[in-house]
Each structure stands twice: as structure tokens, then as C-alpha cells.
Amino acid sequence: MKQMTVKEVETLLNEGKQLNIIDVREVDEVTAGKIPGAVNIPLGLVEFRMHELDKSKEYIIVCRSGGRSGRATQFLESYGFDVINMSGGMLAWEGKLE
């Protein structure tokens, strides 16, 4: 499973890179703030909404601490998606929120 640190993600965003970020936290967790541009697909819905994703794109998967995003990353990887787990999750995020 590919991993990326919170700082690496923040640096790419600050450089203006267009990232495809999927936040797998629950809706009530996301209301407290999410990474700008991130799409919220709660972990329990990933299997049912993966048809919305494009296998030709790379996705960074985010959750609160890195556990749920790790499970989502492994699951999507098993279906042929190009996915990266953001280690540390939102607990470690110090960048902008929306």
C-alpha cells in the first residue's frame, strides 16, 4: 500500500497541484472541516460509490487517524484503483480546512 505523509499532501496543495482526495470519515466528522477540494465518501459507502471513481486517476485517501483510510486504500487497490493512504490522517493535518 502506498503512503503519503500529511506534509507531502499539504506541500503538493500549496504548489497548486490538482489532487483527488477522498475523505472516508463520517459526515458528522467532516462538518468540523476537511481538506479543501476533498470529496466525502464515508468508509461504509466506498464499495457502493466506487463506480464514481476513475481508474485512470490517482486518489489520496484520508480519515481521522489513518486506520479507516488504510482499509479503504487496500479495498480500492484490490479493485485496480491507484490509491495512496495519507498517514496520520486529519489528526496530523495542520493545513487549511474548508
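Trainee: How many helices and strands are there in the protein chain?
Mentor: Keep in mind that we're looking at a predicted model. Reading from the N terminus, the elements go β-α-β-α-β-α-β-α-β-α. Tally up each kind and the protein chain has five helices and five strands.

Trainee: What radius of gyration does the protein chain have, and what would a compact globule have?
Mentor: Start with the spread of the C-alpha trace, which is about 30 × 30 × 20 Å along the principal axes. For 98 residues, a compact globule would come out near 13 Å. The protein chain agrees with that, as its radius of gyration is 12 Å.

Trainee: What share of the residues count as buried?
Mentor: A residue counts as buried when its relative accessible area is under 20%. Go through the 98 residues of the protein chain with that cut-off, and the buried share is 42%.

Trainee: And what part of the exposed area comes from carbon and sulfur atoms?
Mentor: Take the whole exposed area to begin with: about 5,400 Å² for the protein chain. Carbon and sulfur atoms supply a share of that area, and the share is 52%.

Trainee: Among contacts between residues at least 6 apart in sequence, what percentage join residues at least 24 apart?
Mentor: Picture one such stretch of sequence: glutamate 8 and methionine 86 are 78 residues apart along the chain, yet their C-alpha atoms are 9.0 Å apart in space. Now go to the contacts of the protein chain and keep those between residues at least 6 apart. Of these, the percentage joining residues at least 24 apart is 65%.

Trainee: How far apart are the mean positions of the positive and negative charges?
Mentor: The protein chain has 12 positive and 15 negative charges. Take the mean position of each set, and the distance between the two is 1 Å.

Trainee: Which residues form the aromatic pair, and is it stacked, edge-to-face or tilted?
Mentor: Searching the whole structure turns up one aromatic pair. Its partners are phenylalanine 75 and tyrosine 79, with ring centres 5.0 Å apart and 50° between the planes. Planes under 30 degrees apart would be stacked and those over 60 edge-to-face, so this angle falls in the class left over. The pair of phenylalanine 75 and tyrosine 79 is tilted.

Trainee: Are those two residues buried, partly exposed or exposed?
Mentor: The class in between runs from the 20% cut-off to the 50% one. Phenylalanine 75 has 25% relative accessibility, and tyrosine 79 has 39%. Phenylalanine 75 therefore counts as partly exposed, and tyrosine 79 is also partly exposed.

Trainee: Where is asparagine 85, and is it buried or exposed?
Mentor: Asparagine 85 sits in strand β5, residues 82-87. Beyond its neighbours within four places in sequence, asparagine 85 touches several residues, including Met1, Met4, Ile61 and Thr73. Its relative accessible area is 3%, so asparagine 85 is buried.

Trainee: Is lysine 34 buried or exposed?
Mentor: Lysine 34 is in the loop between α2 (27-30) and β3 (39-40). Past its neighbours within four places in sequence, lysine 34 has contacts with Asp23, Arg25, Met90, Lys96, Leu97 and Glu98. With 15% relative accessibility, lysine 34 is therefore buried.

Trainee: How far in space is glutamate 52 from lysine 96, C-alpha to C-alpha?
Mentor: Glutamate 52 belongs to the loop between α3 (46-49) and β4 (58-62). At 45% relative accessibility, glutamate 52 counts as partly exposed. Along the sequence, glutamate 52 and lysine 96 are 44 residues apart, while in space the C-alpha distance is 26 Å.

Notes: Residues numbered from 1 in each chain as written. Predicted model: local features only at pLDDT ≥ 70, side-chain atom pairs only at ≥ 80, totals over all residues. Heavy atoms only, no water. Helix = DSSP H or I, 4+ residues; strand = E, 2+ residues; numbered from the N terminus. Rg over C-alpha atoms; globule rule 2.2 N^0.38 Å. Buried < 20%, exposed > 50% of the residue type's maximum accessible area, 1.4 Å probe, protein only. Contact = heavy atoms within 4.5 Å. Areas by Shrake-Rupley, 256 points an atom, 1.4 Å probe, with all protein chains shown as cover. Lys, Arg positive; Asp, Glu negative; His and termini not counted. Charge placed at Lys NZ, Arg CZ, Asp CG, Glu CD. Phe/Tyr/Trp six-rings, centres within 6.5 Å; stacked < 30°, edge-to-face > 60°.
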